[in-house]
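Got the viewer open? Let's take a walk through this one, stop by stop, and I'll tell you what to select as we go.

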Amino acid sequence: MLVLGVESSCDETSVALVKDGKEVLANIVYSQIDTHKVFGGVVPEVASREHVKKIIYVFEQALQEANVIPQDIDLVAVTTTPGLIGSLLVGINAAKAFALAHNIRYVDVNHIDGHIYANYIESDFDFPILALVVSGGHTELILMKDHYQFEVLGQTLDDAVGEAYDKVGRVMGLDYPAGMYVDRLAQTGNTTYKLPFVYLDKDSYNFSFSGLKSAVLNIINKCNMKKEAINIADLAASFQNSVVTVLVDKTIQAAKAHKVNQIVVAGGVAANQGLRKALSEAVNKLENVKLTFPKMKYCTDNAAMIAVAGYFKDVLKTI
Ligand code: KG4
Ligand code: ZN
């Protein structure tokens, strides 16, 4: 089954062609980061207009690269929520028009489900699965007993982890989106700054990152006022250590409690090297638990993951 996926929920315009939920024939991603960088974050109105400019071109590129014609396609899958409404509408309208014009089945996809299903490109699913969702807008631990059965065990009570990375990085003077740059700096620093490790209740799978973010901002403000030097690499390493330690501990606790066979990591922060290393080490100590991260190119927003999630939604509907 050949699925055409469309993603435009934030600042990436993407169209992909994926066979049987697994084989990526094309995944064209046009990133608007350079446009938004100067503003220090995504400007919704600008994002919508960039999608309008690029969407047809990205469709054409994807069809060309995959070497397919519309008549070869069995299903069109598009992100419909969550996201910036003006941006979403561009992808939704293009996808629906394409499906209607070529008489192809159409399915709505939730963006977070897409991030989780990005892992299926890497590895088959072995339920029960625990998904650690870490993106710019979401931080959640989700239990999946089967395809499309999502039970939220815990979530952030304030900032999403990617959001905390971006805000901390911005105050450090790093470009948007700063997560990747904070990660790189962290690898060159030492954990010399004392920062909080926020666990909330012992048995809670919820997260909170705003206190940690404020603690980092306070250190930077105080040093600036006193004209003291800040070791940015050490501060990045200390911040990353606080984030990653809590994410890993809660993930391992939930994996044990629910006796999962597999842990999958989803969303942009799945690209984080500190998280990849620490979680791999912790999961290695568990017996018979497989750990899957998406390939780096499928961690941040892309349409291949939407095509995979759409494929499963459609297959389940027709069983
Ligand atoms: O999943 P995503 O592309 O968009 C949302 O659905 O939100 O995630 C983007 C987020 C941004 O906050 C970005 O800074 C963060 O993922 N990110 C990282 C890394 N690469 C991307 N955060 C930490 N370390 C990274 N290596
Ligand atoms: Zn995303």
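## Stop 1: two domains

Put a centroid on each half of this predicted model: the centres of domain 1 and domain 2, taken over C-alpha atoms, sit 27 Å apart. To colour them, use 2-117 plus 299-318 for domain 1 and 124-293 for domain 2.

Now zoom out to the whole chain. You should be able to pick out ten helices and ten strands. The radius of gyration is 20 Å, close to the 20 Å that the globule rule gives for 319 residues, so the protein is as compact as a globular protein of that length. Line the view up with the principal axes and the C-alpha trace spans about 65 × 45 × 30 Å.

## Stop 2: where the domains meet

Select the contact residues next. On the domain 1 side there are 21 of them, touching 23 residues of domain 2. Together the two domains bury about 1800 Å², with carbon and sulfur atoms giving 69% of that area. Which three residues of domain 1 should you show as sticks, as they supply more of its buried area than any other three? Pick Ile-116, Tyr-117 and Cys-299, which account for 33% of what domain 1 buries against domain 2.

Switch on polar contacts across the interface and you get five residue pairs, both partners at pLDDT 80 or more. To see what domain 1 brings to the contact, highlight α1 (33-37), α4 (111-122) and α10 (304-318): each supplies at least two residues of the side that touches domain 2. Colour that side by residue class and it splits into eleven nonpolar, five polar and five charged.

Salt bridges cross here too, two of them by the rule.

## Stop 3: salt bridges

Staying with charged pairs, select Lys-37 and Asp-175. Their side chains meet in a salt bridge, with N to O at 4.0 Å.

Over the structure as a whole there are eleven salt bridges. Another one to try is Lys-22 with Asp-124, where the closest N and O atoms are 2.7 Å apart. What does this pair tie together? Lys-22 lies in the loop between β2 (12-19) and β3 (23-31), while Asp-124 is in the loop between α4 and β6 (129-134), so the bridge links parts that are 102 residues apart in sequence.

## Stop 4: backbone oddities

Hide the side chains and look at the backbone. Which bond joins Thr-81 and Pro-82, cis or trans? That peptide bond is cis, with omega at about -15 degrees. To find Pro-82, go to the loop between β4 (75-81) and α3 (85-101).

Then jump to Phe-127 and Pro-128, where the peptide bond is again cis and omega is near -5 degrees. Pro-128 lies in the loop between α4 and β6, the loop that also holds Asp-124 from the previous stop.

Last selection: Leu-200. Its phi is near 60 degrees, a positive value in a residue other than glycine. You'll find Leu-200 in the loop between α6 (179-186) and α7 (210-226).

Terms used:
Residues numbered from 1 in each chain as written. Chains lettered and ligands numbered in written order. Predicted model: local features only at pLDDT ≥ 70, side-chain atom pairs only at ≥ 80, totals over all residues. Heavy atoms only, no water. Domains from an automatic or database assignment. Contact = heavy atoms within 4.5 Å. Buried area = accessible area lost by both parts, 1.4 Å probe. Polar contact = N/O pair within 3.5 Å; in protein donor to acceptor, adjacent residues only side chain to side chain. Helix = DSSP H or I, 4+ residues; strand = E, 2+ residues; numbered from the N terminus. Nonpolar A, V, L, I, M, F, W, Y, C, P; charged D, E, K, R; others polar. Rg over C-alpha atoms; globule rule 2.2 N^0.38 Å.
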